[in-house]
Amino acid sequence: MVYMDYASTTPVDPRVIKAMLPYFDKKFGNTMSPHEWGMEARETLETAREEIASLLGAAPNEIIFTSSATESNNLAIKGVAFANKERGKHIITSKIEHLSVLEPCRWLERNGFKVTYLDVDSYGLIDPKRVEEEIRDDTILVSIMHANNEIGTIEPIEEIGKICEEKGVYFHVDAAQTFGKIPFKIRDLHVDLLTISSHKIYGPKGVGALYVSEDVRMEPLLHGGGHEFGLRSSTVNIPGVVGFAEACKIAEGEMDSEITRLTELRDKLIQNILETGRAHLTGHPKKRLPNLASFWIESIEGERLIMELNERGIAASTGSACASGKLEPSHVLLAIGLSRREAKNSLRLSLGRWTTAKDVEYVVDVLWEIIEGKSR
Ligand SMILES: Cc1ncc(COP(=O)(O)O)c(C=O)c1O
């Protein structure tokens, strides 16, 4: 079997599992308990928080643990909207965001907010000048993703961040696809809020975090016992945050070599698939995630292609896991200018820690047979 769907989710690294295990049965305390078990849980939580904060170049009290990137995105957008509605009710985002950004924005629109959805160019790039032009007196938040999960394009976050800083508008970035994969520090990006997720970087599912700069005014979505600085009540998932922190440390240590290795494999994959003459790259050729190759392919529907690949032991995707399975073409591919038919013929191959050169060879051979009806 060849797994080429790492952008959707990743297996938990055995080193992460090992780090988590004691926290299920031996060190199982609740961080809110006054006894020894509680104290131990509090220490564990704060150590994990410090580790993740230091990787981001943030202060520990700026990290809020959540259950996922979806929750972090919801908290960032609705939390800022609720707390700042007296200042204004306008939000700017883009047409290619993940549904966990777009849907909270649509929900806010139904509740009296105004949202501008920025266009992107044919590579999926957002023009920072357009962000600047759309900022108005009542704009409270700009939310733009770091890299797109379907086409891998990396956005000019730093430039957009500087504009937001100058204009005094909060800037949220969904970094679910970049954190742990490409190097960055919070301060360089000029962001106020940033979403990260554990299961995209070989950590467990059910854990994410939101970086919230100290000066952001925000309301919680979950009210209760006041956990996570009052911004996210609920007993903290200690095995989860331990696993997330361990996954971050491993990712940080291996990042440079993985970027080199995966970029090489990705480019080989892209080059060999484009050679069929029936495949077209989607996303930016250079400004893209090191582990993501995406295409639209003439004459074969994405869903059928995925099934055929599956029959030959290859796990791939048409785009985002959430959008595949639906018959509607991807909003991202339509936004970069593909026709509905082209957008339905999409293929996303995403590589990761256990992808080998042999895997790439095999996938290329199978794709040649399916697309061209003959071997390479
Ligand atoms: C860019 C982006 N944002 C948010 C999410 C949602 O992540 P989670 O599964 O942690 O809720 C994903 C997952 O596919 C993603 O790729």
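Colleague: What makes the pair between the side chain of H199 and the ligand a polar contact?

Modeller: A polar contact is a pair of N or O atoms within 3.5 Å. An N or O atom in the side chain of H199 is 2.9 Å from an oxygen atom of the ligand, so the pair fits that definition. This is a predicted model, where local features need pLDDT of at least 70, side-chain atom pairs count only at pLDDT 80 or more, and totals for chains, interfaces and linings use all residues. Residues are numbered from 1 along each chain as its sequence is written, and side-chain values use heavy atoms, without hydrogens and water.

Colleague: How far from an oxygen atom of the ligand does a polar side-chain atom of T70 lie?

Modeller: That distance is 2.6 Å. A polar backbone atom of A69 is 2.9 Å from an oxygen atom of the ligand.

Colleague: Which residues of the ligand's surroundings are closest?

Modeller: They are T70, D174, Q177, S197 and K200, out of 14 residues that surround the ligand (a heavy atom within 4 Å).

Colleague: How do you know which residues of the shell are polar, nonpolar or charged?

Modeller: Asp, Glu, Lys and Arg count as charged, Ala, Val, Leu, Ile, Met, Phe, Trp, Tyr, Cys and Pro as nonpolar, and the others, Gly among them, as polar. By that rule the shell has nine polar, three nonpolar and two charged residues.

Colleague: Which helix gives the most to this shell?

Modeller: Helix α4, residues 69–83 (a DSSP run of H or I, at least four residues), gives three residues.

Methods. Polar contact = N/O pair within 3.5 Å; in protein donor to acceptor, adjacent residues only side chain to side chain. Helix = DSSP H or I, 4+ residues; strand = E, 2+ residues; numbered from the N terminus.
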